[in-house]
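Here's a quick briefing for anyone opening this structure for the first time. Have a look at the sequence and the model, then read on for a guided walk through the main features.

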Amino acid sequence: MLEVVQKPPVQEKAKYTSQLLSTKELVDKYWGQCIPLFQACFDRAMDGEMAIDDLYSRVLQGQTYLIVFKDDELEVPEVRLAMAMEVGYYPQYNVMNISAIGGKDLKYMIKHCYRDIVGWAKVCGVTKMECLASPAIEKILSAEGFKRKYIMLRHDLTEVI
């Protein structure tokens, strides 16, 4: 027997907006969704330099900026991209250093959100963006204009006798 089934209504594409989490209230509102996004970055790309709790503390102390791209129009607000950044000062120019990045469909989100990040960085008085990146992130950010400048080397002295 055939049955007529109504198609579910087509949902509008999510509308992600950028938000600088500049108060403890804003950080705490979205932090729970940022943790799994950043954890992937910490697990895959960092060498134990920082833990999630360290990042949270740095954001609350104003040492690190946290920008999220989120959709508050959904029944449960969704964070799709989170970036932690710090201003760096060189004698000839200032930079915005991306210290941690995480997201769902990262390549797509960076492509569609990076202009907002650049605009905000310019407001902060920086003239260049930078980051230490894994090969996967290098590929994604290269599409936005990042170019390799250095190769980082590290020697763990706790392993030296």
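## What's inside

The largest nonpolar core is built from 22 residues, and the ones with the most contacts inside it are Leu81, Met85, Ile98, Ile101, Ile110 and Met129. Helix α3 gives the most to this core, with eight residues. Keep in mind as you read that this is a predicted model.

**The cores**

- Which elements each supply at least two residues of the largest nonpolar core? They are β2 (65-71), β3 (78-89), β4, α3 and α4.
- There's also a second, separate core, made of 20 residues, with Tyr30, Cys34, Phe38 and Ala82 among them.
- Leu81, one of the residues with the most contacts inside the largest core, is a good place to start looking around. Setting aside residues up to four places away in sequence, Leu81 touches Leu37, Ile67, Val68, Phe69, Ile101, Gly102, Gly103, Leu106, Met109, Ile110 and Cys113.
- Two names on that contact list, Ile101 and Ile110, also belong to the group with the most contacts inside the largest core.

**The chain as a whole**

- The protein chain has four helices and five strands.
- Following the sequence from start to end, you'll meet them in the pattern β-α-α-β-β-β-α-β-α.
- Picture a box of roughly 75 × 40 × 30 Å, taken along the principal axes: that's what the C-alpha atoms of the chain fill.
- The chain has 161 residues, and 32% of them count as buried.
- Take the contacts between residues at least 6 apart in sequence: 62% of these join residues at least 24 apart.
- The accessible surface of the chain is about 11500 Å², and carbon and sulfur atoms account for 54% of that.

**The largest pocket**

- The volume of the largest pocket is about 1600 Å³. It is lined by 46 residues, and the closest to its centre are Glu130, Cys131, Leu132, Ala133 and Ser134.
- Which element gives the most to the lining of the largest pocket? That's β4, with eight residues.
- At least two lining residues come from each of α1 (24-45), β4, α3, β5 (128-131) and α4 (135-142).
- Sorted by kind, the lining of this pocket has 28 nonpolar residues, seven polar ones and eleven charged ones.
- Strand β4 and helices α3 and α4 turn up in this lining, and these elements also supply residues to the largest core.

**Tyr114 and Ser142**

- Is Tyr114, in helix α3, buried or exposed? Tyr114 counts as buried because its relative accessible area is 9%, and the cut-off for buried is under 20%.
- Beyond its neighbours within four places in sequence, Tyr114 is in contact with Met109, Met129, Glu144 and Phe146. Met129 is also one of the residues with the most contacts inside the largest core.
- Tyr114 and Leu141 are 27 residues apart along the chain, with 9.3 Å between their C-alpha atoms.
- Ser142 sits in helix α4. Its C-alpha atom is separated by 12 Å from that of Tyr114, with the two residues 28 apart along the chain.
- Ser142 is partly exposed, at 36% relative accessibility.

**Ser99 in strand β4**

- Ser99 has its place in strand β4, and at 17% relative accessibility Ser99 counts as buried.
- Leaving out neighbours within four places in sequence, the contacts of Ser99 are Met46, Thr64, Ala84, Met85 and Glu86. Met85 is another of the residues with the most contacts inside the largest core.

**Two loop residues**

- Asp105 lies in the loop between β4 (94-103) and α3 (106-123). What's unusual about its backbone? Most residues other than glycine have a negative phi. Asp105 is not a glycine, yet its phi is positive, at about 55°.
- With 45% relative accessibility, Asp105 counts as partly exposed.
- Where is Gly62? Look in the loop between α2 (52-60) and β2.
- Gly62 is exposed because its relative accessible area is 54%, and exposed means over 50%.
- Gly62 and Thr23 are 39 residues apart in sequence, but C-alpha to C-alpha they are 9.3 Å apart in space.

Methods
Residues are numbered from 1 along each chain as its sequence is written. This is a predicted model: local features need pLDDT of at least 70, side-chain atom pairs count only at pLDDT 80 or more; totals for chains, interfaces and linings use all residues. Side-chain values use heavy atoms; hydrogens and water are left out. Buried means under 20% relative accessible area, exposed over 50%, partly exposed in between (1.4 Å probe, protein chains only). On a 1 Å grid over the protein atoms alone, a cavity is a set of points where a 1.4 Å probe fits but cannot get out, and a pocket is an open set with protein on both sides within 12 Å along at least five of seven lines; lining residues have an atom within 4 Å of a point. Grid points are joined across faces, edges and corners, and a volume is the space filled by probe spheres set on the points. Ala, Val, Leu, Ile, Met, Phe, Trp, Tyr, Cys and Pro count as nonpolar, Asp, Glu, Lys and Arg as charged, and the others, Gly among them, as polar. A nonpolar core is a set of buried Ala, Val, Leu, Ile, Met, Phe, Trp, Tyr and Cys residues joined through side-chain atoms within 4.5 Å. Contact means heavy atoms within 4.5 Å. Accessible areas come from the Shrake-Rupley method with a 1.4 Å probe; for residues, only the protein chains shown count as cover.
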